[in-house]
Amino acid sequence: MSERKRRRGDPAAAGSSGKTKIRSDASSSPLLFKNRLKPDSIILATLQQLHAAEQSSSSTGKVPTLAELGLSSTCREVSDRDPAAVRITIEDSILAAARSILEGRGFSFSVPSRSSSNQIYVPELDRIVLRDKSSIRSFSSLSTVRKTTITVRLLALIHQLCTKNIHVTKRDLFYTDVKLFQDQTQSDAVLDDVSCMLGCTRSSLNVVASEKGVVVGRLIFTEQGDRIDCTKMGVGGKAIPPNVDHVGNMESDALFILLVEKDAAFMRLAEDRFYNRFPCIIVTAKGQPDVATRLFLKKMKTELRLPVLALVDSDPYGLKILSVYMCGSKNMSYDSSNLTTPDIKWLGIRPSDLDKYKIPEQCRLPMTDQDLKTGKDLLEEDFVKKSGGWVRELELMVQTKQKAEIQALSTFGFQYLTEVYLPLKLQEKDWI
Amino acid sequence: MDSEGSGNSPIERNKRKKSNVKSAKKGKGSVLKQIPAEFFAENKNIAGFDNPGKSLYTTMRELVENALDSAESISVLPDIEITIEEISKSRYNSMIGLVDRERVDEELYDDFESAKAREKRLAKEARALEIEAKKPLLVKKMKDNLHGRGPKGRGDASFYRVVCKDNGRGMAHDDIPNMFGVVLSGTKYGLKQTRGKFGLGAKMALIWSKMSTGLPIEISSSLRGQSYVSFCRLDIDIHRNIPHIHKHEKRENKDQWHGAEIQVIIEGNWTTYRSKILHYMRQLAVITPYSQFIFRFVSEVQEKNITVRFARRTDVMPPVPAETKHHPSAVDILLIKHLVEESSKQNLLQFLQHEFVNIGKTHAERLIGEMGPDFSAKMPVKGLTSQQIVRIHQLFRQAKFDDPSGDCLSPAGEYNLRLGIIKELHPDMVATYASSPQVFEGHPFIVEAGISLGGKDVKQGLNIFRFANRIPLLFEQGADVVTRTALKRINWSSYKINQMQDKIGVFVSIVSTKIPFKGTGKEYIGDDISEISSVVKSAIKQCCLQLKSKIVKKLEARERQERKRNLTRYVPDASRALVEVLRELKPGKRQRLEDDELIRKVISRDITEATFREKLTQHVEQVDYEMALEYATQRGVREEPREPIYISALEGARSSSILLHGPVFAFRLIQ
């Protein structure tokens, strides 16, 4: 009760309506908003426009490469290489090490540094890239002998994978020599070092993470020759294959891609066959996105030239997840060019939606100190700053100190999300 | 506590006590009129007599501290024997002349066990026995338990005879009854660093013995060079506050002993306070390495007997603390009044000049001038009105005075603290530091700190040893300034010390003319006094700094020793991985000729895994040799530091005392 009183006094939160009004609206508003919905054909028309714009613009909006920006000497980037090329690179470094040992000098590797001090955000590219600082990892030093040994062991294992052209998961890799690796974080970290060192993406090393992402909707592709129709995947959807190299022949009649933060919202959309009402492809990574999901999204976006709309929680964490899709994570910054999908549109749930769609007080949560700190930190991030709309939304969130999850919409009925909220949003072109 | 220093002479007070006995019996006398023993009975917890266990502990420590004071006051190295003897109930009964009665009506007692409860307990114990049967050692114990009685009843008091014998000053034959029989008999004039918490010494213990067992105390004492030993058996007439003498006689002094031996029989609890008592003895041994303690626990059960000897490690004793005068910023109105009454000085000028520290003649004149027109240097000090005294007090509060010097204090000494730590803990490393004298509210204080690493009987993590005026503080550790500082304000890892895993001993000794204790039990010093906490912090830090360089050297040395082993450990893994790849290669595709040759050699088995192992091992040895050489040139040749040893003097040979001092030794002729 006191909570509500306090909020009423807060000018930002109170809006135009008083407490009693909100309460009476709460029962009528679903209807109210539903009445504002125009027929699906009109909404589809707006989506067609969006689609057409994306189709035409993508040809012109070519992202410059590092070389074009004159950064190739100061920045490091990796590329997809075929197994044979990876093999040659590994053999070269092994031979160099062997020669060095035979000459009695021990051996060492030059490993690019992946620390945050060695990363910069390049505004022209709209993502984080790695600079060219590297360190010598020597067998003769106590502090690096362990990592050096793990590195040479991983090189041998990857060489084997590339020779036989098979794929294994990071977990598999760890289990090949548990005694040396001790725990998986160590082998994972060195694996990233190795892919940086060899200048190729992690998937070119034939090492994948276990699958996490799911896709459903108007998409047809082949995976190692099997044709997969994502409209016939039931409610659970199709797991995004860990190795995106095996995915090909993408076809789709969708008008957009809907990126969903959470599994629960994904399930609702899939069960209600949202993609049949508005042709779209629905993707989720169930929280923080893994490499495979990011690669898959990137592939869809570039091959199908579809606009991407994002549905995340209205909290700093939701925005953080969005930023990983768009600008890449710090951990994988060496591979940011392959992993990021710039130009994702923030559909919802945005802080301004809370009042706009009259989400009742009891469904909003107060932000914790940690949330507020993350929110304020995000305001300092370059990718937020470049969009005025985003800054305004984030400022509103920090100011009202309120957050809400996608599930908050369920107060108006479980299907409110698919039947009212999303259609209305699309109709109003309410994305930024 | 404070009532003791409130200025009444003992005779006066005693008179008043006597006249008040009747009214006190009526029960509604004011606190001031209350007789000491009754005050004690109501405030047992303040003096540390909360429960039987703690009473045993407090009794012992009061006796030990008295003994230490007594020996130190005549500059004799203390030799103290403490015996705690368990007395069974039947023995106690026979002592007081009570016949043991068997229980007739079992159900009358609190610990009566109904048949049902007994069945339950036996079943439970049988089950436990079954489980324990596999561990042969424990079976015997369990059986013992089975034969013992059931739950212990509330009425089962345990009794102990506590005996403490020292080689101190001793007491004059005729003084003994009054020294023990009259509570609050002494008044302290002046200011001095003292050991006891309340200055009541053993008297509290005597009242406790009177309250719990009713048995008299026995005192043997002899002065130095006295041909006889005084023996006295007495108890206190609590209500009249006078001694009640049973026996007072002179006995033969065969071995020229001097000192005192005091024996009390009290109710106590050894089981619950055993570790506290032993800890106390150990910590006391740390802070007084110049004394020798023999602690015995005697029980009717042979296995429970304990004898611990804390040997002397040095004969350097801290000086006897000097009596000093009050600092003007540390007095209150009552104290000024008291000083005026007691002063032998006639006029105000002399009074200010002689009854306080840090007031010189000119300073005193200026102060009098500042007090106002009704004051003059020649005015008689006894004629000061209450208002005038308040004025003096106000001025004392506001005026600036030099800080009191620490000369009157008697710290344990860095040397002694260090020896004490080494002697009792046998640590791997130790560092000590003594602060310069500091001031809190007009009382000087000195903080000494020691940090030890490793040692025997030390648990992992922080072990905190606190001392105030050279006695250990064992209770209420949590809120203490030392505990808080060590836990919260010291970043141990920056000194390469692992707070969780290393065995760290933190020793902090604070001496002052007035220790600002907190809480009722006078067991800890508050954390809110920034003057003290900052000194404690810097003292601990200084110790840590000293240790850090030692630790770093040790780590370096260890790293040097282990480098080869650690590097060699990875040789097989690395070699195997390399050869695995090399075996897969085919010659003829490489740009470099050497590479092709290498691959051919691998195929022809001229180069194998063993080759790489050998080469890598050689390399590691080479690296290790170079690093060792570099290490040696940096450090130079260094010898381990020598520890001074102490050889204790032969017993009984102390009487002949021609000391020949040399620069590094002293030489004594023994007859």
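Leaving aside neighbours within four places in sequence, which residues is Glu393(A) in contact with? They are Trp346(A), Arg350(A), Pro351(A), Ser352(A) and Ile432(A). This is a predicted model. Two topics follow: the setting of Glu393(A), then strand 11 of chain B.

**Glu393(A)**

- Glu393(A) sits in helix 18 of chain A, which covers residues 388–400.
- Its relative accessible area is 8%, so Glu393(A) is buried.
- Arg350(A), one of its contacts, lies 43 residues away along the chain. The C-alpha atoms of Glu393(A) and Arg350(A) are 6.7 Å apart.

**Strand 11 of chain B: burial**

- Strand 11 spans residues 443–453 of chain B. Of its 11 residues, 11 are buried, so the rest of the structure largely encloses the strand.
- Both faces are covered. One side carries His443(B), Phe445(B), Val447(B), Ala449(B), Ile451(B) and Leu453(B). The other carries Pro444(B), Ile446(B), Glu448(B), Gly450(B) and Ser452(B).

**Strand 11 of chain B: pairing**

- Strand 9 (residues 429–434) of chain B pairs antiparallel with strand 11 over 6 bridges. Here Met429(B) has Leu453(B) as its bridge partner.
- Strand 10 (residues 438–440) of chain B also runs antiparallel to strand 11, joined by 3 bridges. Phe440(B) is bridged to His443(B).
- Strands 10 and 11 of chain B form a hairpin, with 2 residues between them. In the turn, Glu441(B) has a positive phi of about 50°.
- Strand 14 (residues 503–512) of chain B pairs with strand 11 in the antiparallel sense over 9 bridges. Ile451(B) has its bridge partner there in Val506(B).

Technical notes: Residues are numbered from 1 along each chain as its sequence is written. Chains are lettered from A and ligands numbered from 1 in the order in which they are written. This is a predicted model: local features need pLDDT of at least 70, side-chain atom pairs count only at pLDDT 80 or more; totals for chains, interfaces and linings use all residues. Side-chain values use heavy atoms; hydrogens and water are left out. Buried means under 20% relative accessible area, exposed over 50%, partly exposed in between (1.4 Å probe, protein chains only). Helices (H or I, at least four residues) and strands (E, at least two) are DSSP runs, numbered from the N terminus. Two strands pair if DSSP finds at least two bridges between them. Contact means heavy atoms within 4.5 Å.
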